[in-house]
Amino acid sequence: MTQVSESAKEDLKEGLKLYNSENNVGLKNAWNIIQAEMHCCGVTSYTDWYPVLGDNTVPDRCCMENSQDCGRNSTNTNLVWKMGCFEKVQMWFDDNKHIFGTVGMCILIMQVGVPKVTDMTIAAYDGAVGEPGKKNREEGIAWTFSPSRSSV
């Protein structure tokens, strides 16, 4: 798992290089939102931005108190989030894994349970109708339902 994590971190760091490119406004917005909401900076730390934006420069969304150009020449590292976003997102997934498990179980129940309930409903209907329903099924007669058309 660590090899996968390290590979993901390297790919994300490579992606940082596209932060200021013209055609990647969505990428820039995604990084800004993640950093502001998760209180993190860069992939592994705020220094990940230095090769991209210049020494002692981070995006403004890395600042603990966001203001215009607060990330420029941020020599006072007490003003920026130090923890990287990879670790923060990983912690968020760990903290919320029970939600993913619950959603997965609900999907499983829907996939397995609904067909079973449908089968039980048909069987109950056949039992209520009696032999004709059973006879039709044994003879391979398909039941079709179509909406009735009323003439006006």
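Q: Which residues touch the most other members of the largest nonpolar core?

A: Before the answer, keep in mind that this is a predicted model. The largest nonpolar core has 17 residues, and Trp-31, Cys-41, Tyr-46, Trp-49 and Val-58 touch the most other members.

Q: Let's pick one of those. What does Cys-41 touch, not counting residues up to four places away in sequence?

A: Cys-41 touches Gln-35, Tyr-46, Trp-49, Val-58, Cys-62, Trp-81, Met-83, Gly-84 and Cys-85. Three of the names you just met, Tyr-46, Trp-49 and Val-58, turn up in that list.

Q: Now the helices. How do I read the span of H1?

A: You compare the expected span with the separation of the end C-alpha atoms. H1 has 15 residues, and at 1.5 Å a residue they should span 21 Å. The end C-alpha atoms of H1 are 21 Å apart, so the two values agree.

Q: Which residues of H1 are buried, and where do they sit around the axis?

A: Here's the general idea: an α-helix has 3.6 residues a turn, so residues three or four places apart point the same way. In H1 the buried residues are Ser-5, Lys-9, Gly-15 and Leu-16. They cover an arc of only 120 degrees around the axis, so they lie on the same side of H1.

Q: What do the buried residues of H1 pack against, and which residues are exposed on the other side?

A: The buried residues of H1 pack against H2, H3 and H4. Over on the other side of H1, you'll find Gln-3, Val-4 and Asp-11 exposed.

Q: What about H2: how many residues does it have, and how far does it reach?

A: H2 has 14 residues. From first C-alpha to last it reaches 20 Å, close to the 20 Å expected at 1.5 Å a residue.

Q: Which residues of H2 are buried, and which are exposed on the face turned away from them?

A: Trp-31, Asn-32 and Gln-35 are the buried residues of H2. They cover an arc of only 95 degrees around the axis, which puts them on the same side of H2. The face turned away from that buried side carries the exposed residues Val-25, Gly-26, Ile-33 and Glu-37. As for packing, the buried residues of H2 sit against H1 and H4. You've seen two of these residues already: Trp-31 belongs to the largest nonpolar core, and Gln-35 is touched by Cys-41.

Q: On to salt bridges. How many are there?

A: The general idea is that side chains of opposite charge can pair when their charged atoms come close. In this model the count comes to 4 salt bridges.

Q: Where are Lys-9 and Glu-6, and what do their side chains form?

A: Both are in helix H1, which covers residues 2–16. Their side chains meet in a salt bridge, 3.4 Å from N to O. Because Lys-9 and Glu-6 are 3 residues apart in H1, about one helical turn separates them. Lys-9 is buried, with a relative accessible area of 19%, while Glu-6 is partly exposed at 44%.

Q: Which parts does the salt bridge between Asp-48 and Lys-13 tie together?

A: In this salt bridge, the closest N and O atoms are 3.8 Å apart. Asp-48 lies in the loop between H2 and H3 and Lys-13 in helix H1, so the pair ties together parts that are 35 residues apart in sequence. Asp-48 is buried, with a relative accessible area of 11%, and Lys-13 is partly exposed at 26%.

Q: Glu-14 and Lys-17 form a salt bridge too, so how far apart are the closest N and O atoms, and is Lys-17 buried or exposed?

A: The closest N and O atoms of Glu-14 and Lys-17 are 3.1 Å apart. Lys-17 is exposed, with a relative accessible area of 55%, and Glu-14 counts as partly exposed at 47% relative accessibility.

Q: Last topic, backbone angles. What is phi of His-39, and where is the residue found?

A: His-39 has a phi near 55 degrees, a positive value in a residue other than glycine. You'll find His-39 in the loop between helix H2 (25–38) and helix H3 (50–53), just after H2. His-39 counts as partly exposed, at 38% relative accessibility.

Q: And what is phi of Asn-56?

A: Phi of Asn-56 is near 60 degrees, again a positive value in a residue other than glycine. Asn-56 belongs to the loop between H3 and helix H4 (85–95), and is partly exposed, with a relative accessible area of 29%.

Terms used: Residues numbered from 1 in each chain as written. Predicted model: local features only at pLDDT ≥ 70, side-chain atom pairs only at ≥ 80, totals over all residues. Heavy atoms only, no water. Helix = DSSP H or I, 4+ residues; strand = E, 2+ residues; numbered from the N terminus. Buried < 20%, exposed > 50% of the residue type's maximum accessible area, 1.4 Å probe, protein only. Expected span 1.5 Å × (residues − 1). Arc of directions from axis to C-beta. Contact = heavy atoms within 4.5 Å. Core = buried A, V, L, I, M, F, W, Y, C linked by side-chain atoms within 4.5 Å.
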